[in-house]
Amino acid sequence: MKLKQLGNSGLKISELCLGTMTYGDPNWREWVLPEAESRPFIKRALEQGINFFDTADMYSLGASEEILGRALKDFARRDEVVVATKVYYGMSDNPMHSGLSRKHIMHAIDDSLTRLGTDYVDLYQIHRWDYDTPIEETLEALHDVVKSGKVRYIGASSMHAWQFMKALNISEKNGWAKFISMQNAYNLVYREEEREMLPLCEDQGIGVIPWSPLARGFLTGNKKKGNDGETVRSRTDGIAKALKYGQDADYDVLDIVTDIATSRGVSNAQIALAWVHHSPNITAPIIGASKMYQLDEAIAALDISLDVDELARLNDAYVPHNVSGHS
């Protein structure tokens, strides 16, 4: 698998990132796999050349970080993998255990390092924008964790383009560590990031590592009109419901995905991923897998090159959506 530079940084990551929200504690979400069932996916990813793994402290309230850390210790060399985690969402009902205050960031990074069983995180990302904390406070705290050696690079996740540009400007003005990546929602049925965020990232040399490239599974075709889907996750995924995948126009896009996939003899997921991978603005989409064939198909999708007519059909079917995924 090819390695690509993450933005203008020197960090090199695989063309796919394995997201680990699926691995952790089933008591947190019923579709989450426990450790014994999770480890084979991390091992297979490493064997296939994936060196980039994304988690967050809030995934299974820390259990995802613990599982990933133990698996990487057993299956890989630390200096050959890129570990990304995130901070913002609450780790308990106590308001001191959430947000992007200096106090919380300093505590959260230490907790993440302990759970991951490592001395440093390669990419430390703010999971969302904190409207209750001055961005200057957040950025200086992130700069300090970089200078402490606990973090190599910093990144951001879903927010408005003006917010991201504001943060980049403040960091540059103060000589602080700057964000090198943006992890935003982007897929065939949610392309609003093309209006401002993706051009901003291209202009500023920011790597883009989108989440939900399959629209929480919608683009696989597992959700029919009028029902919540065939899997436990599709029926219980509150995030998918909040993002409102499944509008009439989305099904028009899905029909085209299905038609192209059928004609090529591949899965819907592979066509949807091939489309994301085709974008010159994208560094590495973040994929999840709860069944081994899903991981294998995602890797195989890297070899699919969509032709001009297929791209036109997929692109022309899109209808603008309300901005979402920022909260």
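What follows is a walk through a predicted model, from its nonpolar cores out to its pockets, cavities and a couple of unusual backbone angles.

Let's start with the packing. The largest nonpolar core takes in 90 residues, and those with the most contacts inside it are L18, I42, F53, Y124, F164, F179 and L314. To get a feel for one of these, click on I42. Leaving aside residues up to four places away in sequence, I42 touches L18, F53, I67, L68, A71 and L72. Two of those partners, L18 and F53, are themselves on the list of residues with the most contacts in the core. Apart from this core lies another one, of 12 residues, with C17, F52, I180 and A284 among them.

F179 is another good place to stop. You'll find F179 in strand β8, which covers residues 179-183. Is F179 buried or exposed? Its relative accessibility is 3%, and buried means under 20%, so F179 counts as buried. The contacts of F179, again without residues up to four places away in sequence, are I126, L139, L142, I154, G155, A156, F164, A167, L168 and I206. One of them, F164, also appears among the residues with the most contacts in the core. For a sense of scale, pick the C-alpha atoms of F179 and E66: they are separated by 25 Å, with the two positions 113 residues apart along the chain.

Now for a polar residue that is also tucked away. N51 sits in the loop between α1 (35-47) and β4 (52-54). With 10% relative accessibility, N51 falls under the 20% cut-off and therefore counts as buried. What does the side chain of N51 reach? It gets to the backbone nitrogen of S14, at 2.8 Å. S14 is also one of the residues that N51 touches; counting only residues further than four places away in sequence, the full set is L3, K12, I13, S14, E80, V81 and V82.

Next, the empty space. Rolling a probe the size of a water molecule over the atoms shows where such space is left. The second largest pocket holds about 170 Å³. Its lining is made of 13 residues, and the closest to the pocket centre are K73, R78, L116, G117 and T118. Helix α2 (residues 63-75) supplies the largest share of that lining, 3 residues. By character, the lining of this pocket splits into 6 nonpolar, 3 polar and 4 charged residues.

How many cavities of 30 Å³ or more turn up in the whole structure? The search finds 2. The second largest cavity has a volume of about 30 Å³. Around this cavity you'll see L100, W129, D130, T133, I135 and T138, a lining that breaks down into 3 nonpolar, 2 polar and 1 charged.

Finally, have a look at the backbone angles. Most residues other than glycine have a negative phi. S212 has a positive one, near 60°, and R216 does too, with phi near 55°. S212 is in the loop between β9 (207-208) and α7 (232-236), and R216 is found in the loop between β9 and α7 as well. As for exposure, S212 comes in at 10% relative accessibility and counts as buried. R216 has a relative accessible area of 18%; that is under 20%, so R216 is buried too.

Terms used:
Residues are numbered from 1 along each chain as its sequence is written. This is a predicted model: local features need pLDDT of at least 70, side-chain atom pairs count only at pLDDT 80 or more; totals for chains, interfaces and linings use all residues. Side-chain values use heavy atoms; hydrogens and water are left out. A nonpolar core is a set of buried Ala, Val, Leu, Ile, Met, Phe, Trp, Tyr and Cys residues joined through side-chain atoms within 4.5 Å. Buried means under 20% relative accessible area, exposed over 50%, partly exposed in between (1.4 Å probe, protein chains only). Contact means heavy atoms within 4.5 Å. Helices (H or I, at least four residues) and strands (E, at least two) are DSSP runs, numbered from the N terminus. A polar contact is a pair of N or O atoms within 3.5 Å; within protein, one must be able to donate a hydrogen and the other to accept it, and residues adjacent in sequence count only if both atoms are side-chain atoms. On a 1 Å grid over the protein atoms alone, a cavity is a set of points where a 1.4 Å probe fits but cannot get out, and a pocket is an open set with protein on both sides within 12 Å along at least five of seven lines; lining residues have an atom within 4 Å of a point. Grid points are joined across faces, edges and corners, and a volume is the space filled by probe spheres set on the points. Ala, Val, Leu, Ile, Met, Phe, Trp, Tyr, Cys and Pro count as nonpolar, Asp, Glu, Lys and Arg as charged, and the others, Gly among them, as polar.
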